Structure formats: C-alpha cells, structure tokens
Amino acid sequence: MKLLWTLLIGVTLFSTASAQLTPPNETAMSRFLRYVKIDTQSAEDQPTVPSTKKQCDLARLLERELDDIIMLDVKVSENCIVYAMMPGNLPDNSKVPTIGFIAHMDTSPAVSGANVNAIIHKNYQGGDIVLPNDKTQVITVAQNPDLKNLIGDDIITADGTTLLGSDDKSGIAEIMTMLDILKQNPNIKHGNIAIAFTPDEEVGGPMDQFDIKGWGAKFAYTVDGEQLGDISNETWSARTATVTFHGKSTHPGTAKGILVNSSYAAGDFLSRFPNMVPNRPETTEGREGFLHPYVGTLDVETSTVKILLRNFDIAGLAAQEDAVKKVMAETQKKYPNVNIEYKSELGYLNMKEVLKDYPQLTDYAIEASKRAGITAELRPIRGGTDGSRLTTRGLPTPNLFTGGHNFHGKLEFNSRKGLEKSTETLVNLVQIWAEKGK
Ligand SMILES: [Zn+2]
C-alpha cells in the first residue's frame, strides 16, 4: 500500500514537471516521515559538540543512505557532521564550480522533538487546522495566509504535543531526494555536488570546525528556509549578551544586614525592558532589529539574563549594546550592592556583506524556482543559518526555501507540494550551474 502510494506521488510530480524523468526510489515525503521520527533536539550551553548525542543517530542513518546512493567520500566527522560528494557527469567537471548543499539535523531546544507523530491532512480544503492531541494548538488561516495556496495539497503537521522537525528535516529529505533523482536520471547533467548535514545549528553549531577545504565546494546553499519561493542572501548580524548579577548568599537564619539577593536585581532589570526597549521580537518585523531577553537563572548569589541582539546592520548592533547597558545602569542605581557585569559575544555577521559580490548564486536559484513553477523572492532572514557563519568564513552560502512554516513551535508544518517543489528546484539548480559553466 505504502509502496503504491509512494510511486503514485512520484509519478504525479514527474508527469507534470518533466515527462521523461524516472521518479526517485523514494519520495521526499516518505524520507521526511522517516527522519522526523528520530529525536535530534539540540541543547543550549553544552560543553560538547554535538550538544546531544542522539543527533549522531540521524547522522549514521544518513551515512548509510548516502552510501546506498553510491556517493563518494561519505564520512561522519568526530562531531557528527556528515560529508559526502556526488561526482559530476560532465565531460569536464572542472568547468563548473563544485556546489554544496547543507541542511541541519538538529531541531530547536524550544519544543520537544521526541516521539514526533506526523499527521498528514490529506487533500486540505481550507480552514483552520486543529492539532488532534492538543486542541488548543490551532494553525489558523489568519496567522498563516500561505495556507490559501495549499488547497488540495497534503499538509503535514505534528499532533500538537511536539514540534514537527520540518526545520530542517525537510531540507535533508529534499537534498537526499535530489541525489536520488540525479542517480535515477543520468541524462540530467551536473557538476560535482558536495553534501553536508550538520548538528547543533539551532544552538550556534560547529561551523567554525566545518571542513570547508576538505569538503571542496566553491559555493554552497543551505536548504533551511520557509515557504516556497523564499530565498535569502541576507541575515541578521547577531550578538548574544549575558548580564550577570552578583549578590551575596549566606544562611537565611543569620542573614540580617549581610545577604544581598541578586535575583531581585535580575527581576528589576527584566521588568524595565517593555518600557525602555521598544524593539522586541513581539513588536518588530521586516528589517527592524530587536533585543530579546530569552533565558536566565535566578539564585541569591548569582543570577543571569541572556539577551539576543539582532540587527541587519552592524552599527545597529552597537546601538543595541548601548541600550542594554542603559537598562543595566538603571538597575544598578536601584541595587547598588549588586555587582552587575556585561559580556557579549559575536555570533555571526549579515552574509549580504559577502554575497553582494556573487549575485549569480541567488539569480540561478530564482531561475531554478521559476522552472519549478515557483515565483521566488529575495527576503532577509530574521534569523541566522549555518550559511551565515560559512559566508563569514569565506564560503558564500545563501539560503533556499524548504516549504516549511512556523519553525520552532508545535504549529510547524510543511506539505507534499512544499517538499516536492523544493526538491525539483534543487534538481533544476544543479542543471543551471552546469548550463552556465559551458
Ligand atoms: Zn533551521
């Protein structure tokens, strides 16, 4: 039954797209449903890479599947980055740059990714989608206008108790299916294709240890975006600030005049944000940056608040640091006995600074989308990707859509068309690079 269904999906895609193509051995949908079952949630502030060992379970599965597609140089690094290479089939592969594709294996620490129960809402006919195991979780048309474009599609959600893991197992399924299609269809001409699947993207990732040279790609794409057509060559510049409040702990029974409770100062600091910092995630969109206190610890002796600083422009990031320090100064006035300390760390820089010199990367991706019947648009990402770090390190890496929506939450979804059209775009893209290289 499942086999027949799989085959039908494959035929549907390729009868409309290009009648002469042999369908892949396995559809993107079928691969996706297998990958989301594997819990790969990453964790913040771990000393090890990857932050959780379970991510390596998916790495090893992908290693086996890549071996089955007969890729070259398949390997899993010490920190569970999967690398592989599909050699080109051109008379002279050196005339076309090696193009890399990257997707990440981990899912967000924000919501559980264990025991994901994917639900397929077949032949969606419009309206809000109530998730069956927690009826308070509703994907509304009002908040998801793209649902209007998915009438008749099969929508995939979680059951309301976990995230789905479309971010970024959609990207993995689409890349794997692209390779499968290329293997089944040697008539599709392409240069060398480098593949990498990474752990810990959601927590800052091991991209400083990514072996750019050994991998061999001259340009790359992360396949980690959202709705069909969204292509990005611009991300935030990102810093994370940690504000630490040092108090003084002692036995509460004999604490009079001695104890200084740092948690009051941390509370005061946080309570000032809504008044003093107008740009927060809940009040901004488009190209507006924000400050976002997102995690902290409370203790008598030491309390901390961590804050995300996000801005498309580097000068804006500096202004945001000043804004945090202003809030700190107010709290310091009120709690003179608490020693308040500020530290911040640069996460990544807006990749536009580099990508503006390589417009062909996104031009070809827009053309590849068009050939798949998708109208693509360049949109800045209000987030970062593995590509932000790689671009900063010298490997230009814009981001492509996966068809997914509502990342990092229980309302995450993708669809059959989302997976298939994204896959088709990748297949078109490697052909366009080959055409341009002639
Ligand atoms: Zn992602």
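## A tour of aromatic pairs and a zinc site

Across this predicted model, the structure holds 10 aromatic pairs. To begin with one of them, select Y364 and W433, whose rings form an edge-to-face aromatic pair, with 4.7 Å from centre to centre and 75 degrees between the planes. If you then colour the helices, you will find Y364 in helix α9 (residues 359–371) and W433 in helix α11 (residues 416–437), so that the pair, 69 residues apart, links distant parts of the chain.

With a surface switched on, Y364 has a relative accessible area of 15% and is buried, while W433, at 5% relative accessibility, also counts as buried, because the cut-off for buried is under 20%. Next, add F219 and Y358 to the selection, since these two residues form one aromatic cluster together with Y364 and W433.

For another kind of contact with a ring, select R287 and F312: R287 lies over the face of F312, at 5.2 Å from the ring centre.

Finally, centre the view on the zinc ion, which is coordinated by NE2 of H104, by OD of D167 and by two OD donors of D224, at 1.9 to 2.7 Å. The angles among the four donor atoms run from 51 to 145 degrees, and the site is irregular. Traced along the sequence, the donor residues follow the spacing H-x62-D-x56-D. Among them, D167 belongs to helix α4 (residues 166–184), whereas D224 sits in the loop between β9 (219–223) and β10 (230–231), and this pair, 57 residues apart, links distant parts of the chain. Both D167 and D224 are buried.

Conventions: Residues numbered from 1 in each chain as written. Predicted model: local features only at pLDDT ≥ 70, side-chain atom pairs only at ≥ 80, totals over all residues. Heavy atoms only, no water. Phe/Tyr/Trp six-rings, centres within 6.5 Å; stacked < 30°, edge-to-face > 60°. Helix = DSSP H or I, 4+ residues; strand = E, 2+ residues; numbered from the N terminus. Buried < 20%, exposed > 50% of the residue type's maximum accessible area, 1.4 Å probe, protein only. Lys NZ or Arg CZ within 6 Å of the ring centre and 35° of its normal. Donors = N, O, S within 2.8 Å, 3.2 Å for Na, K, Ca; no water. Tetrahedral: all angles 85-135°; square planar, octahedral: opposite > 155°, others 65-115°.
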